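Have a look at the chain below and turn it around a few times. Then read on for a short tour of its helices and how they meet.

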Amino acid sequence: MTDIRPRAAVLATIGALAVAASAYFDWLDGRSPDQIPVQQLLLQPDPAATAASYYQSMATPLVVVGAIGVLATLFLSRALLWVTFLLALATLGLWVTTVVLEVPPGELSIADIQPGAWINLGAVILILIGAAALRGRGDEDLDEEDEFETPPLTRQLSVDDGP
């Protein structure tokens, strides 16, 4: 069972790097996350607005989530990996909600969604699988202890233990 942790960590690392990489691919209508302002995800301002700087764009949360995920896998932290999964899922969910609200009904098809969104969706799934498969260190020790049966403790009577 000791080989599950490294495999889960590798899957989660690939997912975290893919979340960060998805920030540099187009998601919809030839727009990449570095052109979409973060405020558009949260407040629904002008859909044609572009981000004033990289740090005000949707790419920043994606890169930060990717960095948190890489650190989580480096330290084999399952809790931090779950946080990474939730943040990546929230970013993807906010983007999907924004797109659904700004595009008129019937005009959006699956073919319109470009590689960046698909990469992000796959990355979220990889992080989910990695977080679910990454076991704590205590779990491995319990498996090893079950293999060996320990004898019950017996009390040795000494000569001084009289009635």
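What follows is a walk through this predicted model, from the whole chain down to single residues.

## The big picture

So what is this chain built from? Its secondary structure comes to 6 helices and 0 strands. Reading along the sequence, you get the pattern α-α-α-α-α-α.

The chain has 163 residues, and 33% of them are buried. Now take the contacts in the chain with a separation of 6 or more: 68% of these come from residues 24 or more positions apart.

## Meet helix α3

Helix α3 covers residues 59–74, which is 16 residues. From its first C-alpha to its last it reaches 23 Å, close to the 22 Å expected at 1.5 Å a residue.

Which of its residues are tucked away? The buried ones in α3 are Ala59, Thr60, Leu62, Val65, Gly66, Gly69, Ala72 and Thr73. Here's a handy rule for reading a list like that: an α-helix has 3.6 residues a turn, so residues three or four places apart point the same way.

## The link from α3 to α4

Leu76 sits in the loop between α3 and α4. Just after α3, this residue takes a positive phi of about 50°, although Leu76 is not a glycine.

Is Leu76 buried or exposed? Neither, really: its relative accessibility is 27%, so Leu76 counts as partly exposed.

## Helix α4 and its neighbor α3

Helix α4 runs over residues 78–102. Its 25 residues should span 36 Å at 1.5 Å a residue, and the end C-alpha atoms are 36 Å apart, so the two agree. The buried residues in α4 are Leu81, Thr84, Phe85, Ala88, Thr91, Leu92, Trp95, Thr98 and Val99.

How do α3 and α4 pack? Their axes are 8 Å apart, at an angle of about 160°, which means α3 is roughly antiparallel to α4. The crossing of α3 past α4 is left-handed. On the α3 side, Leu62, Val65, Ile68, Gly69, Ala72 and Thr73 take part, and they meet Leu80, Leu81, Thr84, Leu87, Ala88 and Thr91 of α4. Sorted by class, that contact has 8 nonpolar and 4 polar residues, with no charged residues.

## Helix α4 and its other partner, α5

Now for helix α5, residues 115–133. The axes of α4 and α5 come within 9 Å and cross at roughly 155°, so α4 and α5 are roughly antiparallel to each other. Here too the crossing is left-handed, with α4 passing α5.

Who touches whom? From α4 come Arg78, Leu81, Trp82, Thr84, Phe85, Ala88, Leu89, Leu92 and Trp95. Across from them in α5 are Ala117, Asn120, Leu121, Val124, Ile127, Leu128, Gly130, Ala131 and Ala132. By class, the contact of α4 with α5 has 14 nonpolar, 3 polar and 1 charged residues.

Three α4 residues worth finding are Leu81, Thr84 and Ala88: they are among those meeting α3, they are also among those meeting α5, and they are buried.

## A stop at Ile36

Finally, move back toward the start of the chain. Ile36 has its place in the loop between α1 (4–21) and α2 (38–43). Even in a loop, Ile36 counts as buried, because its relative accessible area is 7%.

Which residue can you compare it with in space? Try Ser57: Ile36 and Ser57 are 21 residues apart in sequence, and their C-alpha atoms are 5.4 Å apart in space.

Key:
Residues numbered from 1 in each chain as written. Predicted model: local features only at pLDDT ≥ 70, side-chain atom pairs only at ≥ 80, totals over all residues. Heavy atoms only, no water. Axes fitted to C-alpha atoms, helices over the stretch in contact; angles between N-to-C directions. Helix = DSSP H or I, 4+ residues; strand = E, 2+ residues; numbered from the N terminus. Parallel < 35°, antiparallel > 145°, perpendicular 65-115°, else oblique. Left-handed = near helix turned anticlockwise from the far one by under 90°. Contact = heavy atoms within 4.5 Å. Nonpolar A, V, L, I, M, F, W, Y, C, P; charged D, E, K, R; others polar. Expected span 1.5 Å × (residues − 1). Buried < 20%, exposed > 50% of the residue type's maximum accessible area, 1.4 Å probe, protein only.
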